[in-house]
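Good morning, everyone. Please have a look at the screen before I start talking.

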Amino acid sequence: MANQVMPGGWSGTQDATEETQKICDAVKDQVEKRTNQKYVVYKAVKFRDQLVAGHNLNIKVFAGEEDYIHLSVFQQLPCKGGNVELLNVEVGKTKYDPIGPFPYC
């Protein structure tokens, strides 16, 4: 029960799952376009999520050596198509940077 997300509230930080990696893979092209980089290493390691009319996810991704990036992603509910959209990406992160809510434009 501790890892369940209350509607509108952010979960605590959790270890990434296979599903988290699939979501990251779905937005990888968008991430590479926004950051103007190609990622050979691109592994989801931690995430937080928020249940709204879908899921907002903030995901920490290991990008090789000591590099990490943070992704803000929205996933529609399955009944709405389940599409995944990259909202924001932050580069220059470290293993120890917390993943928190992103500023929105």
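I will go from the overall fold to the strands, the helix, a few side chains and the loops.

First, a caution: this is a predicted model. Keep that in mind throughout.

Let's start with the parts list. The protein has one helix and five strands. Follow the chain along its sequence and you read β-α-β-β-β-β. The chain holds 105 residues, and 38% of them are buried. Now take the contacts between residues at least 6 apart in sequence: 50% of these join residues at least 24 apart.

Next, the sheet. In what order do the strands lie in the sheet? The order is β1-β2-β3-β4-β5, the sheet is open, and the pairing is antiparallel. The two edge strands are β1, residues 14-15, and β5. Each of these pairs on one side only.

Now walk across. β1 is joined to β2, residues 43-52, by two bridges, in the antiparallel sense. Find Gln-14, and opposite it you will see Phe-47 in β2.

Move on to β3, residues 54-62. This strand pairs with β4 over eight bridges, again antiparallel. One pair to look for: Asn-58 has Ser-72 of β4 as its bridge partner.

Then comes the last step, from β4 to β5. These two run antiparallel, with seven bridges between them. Here Leu-71 has Val-89 in β5 as its bridge partner.

Stay with β4 for a moment. How many residues of β4 are buried? Eight of its eight residues, from 68 to 75, so the strand counts as mostly covered by the rule that buried means under 20% relative accessible area. Its side chains point two ways. Tyr-68, His-70, Ser-72 and Phe-74 go one way. Ile-69, Leu-71, Val-73 and Gln-75 go the other. Residues on both sides are buried.

Now the helix. α1 covers residues 18-35 and lies across β2, β3, β4 and β5. Relative to β5, the helix runs at about 70°.

One residue shows how helix and sheet meet. Please find Leu-86, in strand β5, residues 84-93. Is Leu-86 buried or exposed? It is buried, because its relative accessibility is 3%. What does Leu-86 touch, leaving aside its neighbours within four places in sequence? Its contacts are Val-27, Gln-30, Val-31, Arg-34, Leu-71, Ser-72 and Val-73. Take Val-27 from that list. Val-27 and Leu-86 are 59 residues apart in sequence, yet their C-alpha atoms are 6.1 Å apart in space.

On to the aromatic rings. There are two aromatic pairs. One is Tyr-39 with Tyr-42: tilted, 6.1 Å centre to centre, with 40° between the planes. Both of these tyrosines are buried. The other pair is Phe-62 with Tyr-68, also tilted, at 5.2 Å centre to centre and 55° between the planes. Here the partners differ in exposure. Phe-62 is partly exposed, because its relative accessible area is 22%. Tyr-68 is buried, because its value is 12%. The cut-off sits between them: buried means under 20%. Tyr-68 has another visitor. The charged end of Lys-60 sits over the Tyr-68 ring, 5.7 Å from its centre.

What about the cysteines? A disulfide is a covalent bond between the sulfur atoms of two cysteines. How many disulfides does a search of the whole structure find? Zero. Look at two cysteines anyway. Cys-24 is buried, with a relative accessible area of 0%. Cys-79 is exposed, at 68%.

Last stop, the loops. Look for positive phi values. Asn-36 has one, about 55°, although it is not a glycine. Where is Asn-36? In the loop between α1 and β2. This residue counts as exposed, because its relative accessible area is 69%.

Now go to the hairpin of β3 and β4, with five residues between the strands. Gly-64 is there, with a positive phi near 100°. Glu-65 lies in the loop between β3 and β4. Its phi is positive too, near 50°, and Glu-65 is not a glycine. Glu-65 is exposed, at 78% relative accessibility.

To recap: one helix and five strands, with α1 lying across β2, β3, β4 and β5. Thank you, and I am happy to take questions.

How values were computed:
Residues are numbered from 1 along each chain as its sequence is written. This is a predicted model: local features need pLDDT of at least 70, side-chain atom pairs count only at pLDDT 80 or more; totals for chains, interfaces and linings use all residues. Side-chain values use heavy atoms; hydrogens and water are left out. Helices (H or I, at least four residues) and strands (E, at least two) are DSSP runs, numbered from the N terminus. Buried means under 20% relative accessible area, exposed over 50%, partly exposed in between (1.4 Å probe, protein chains only). Contact means heavy atoms within 4.5 Å. Rings of Phe, Tyr and Trp (its six-membered ring) pair if their centres lie within 6.5 Å; planes under 30 degrees apart count as stacked, over 60 as edge-to-face and the rest as tilted. A charge sits over a ring if NZ of Lys or CZ of Arg is within 6 Å of the ring centre and within 35 degrees of the ring normal. A disulfide is a pair of cysteine sulfur atoms within 2.5 Å. Two strands pair if DSSP finds at least two bridges between them. Axes are lines fitted to C-alpha atoms, for helices over the stretch in contact, and angles run from 0 to 180 degrees between N-to-C directions.
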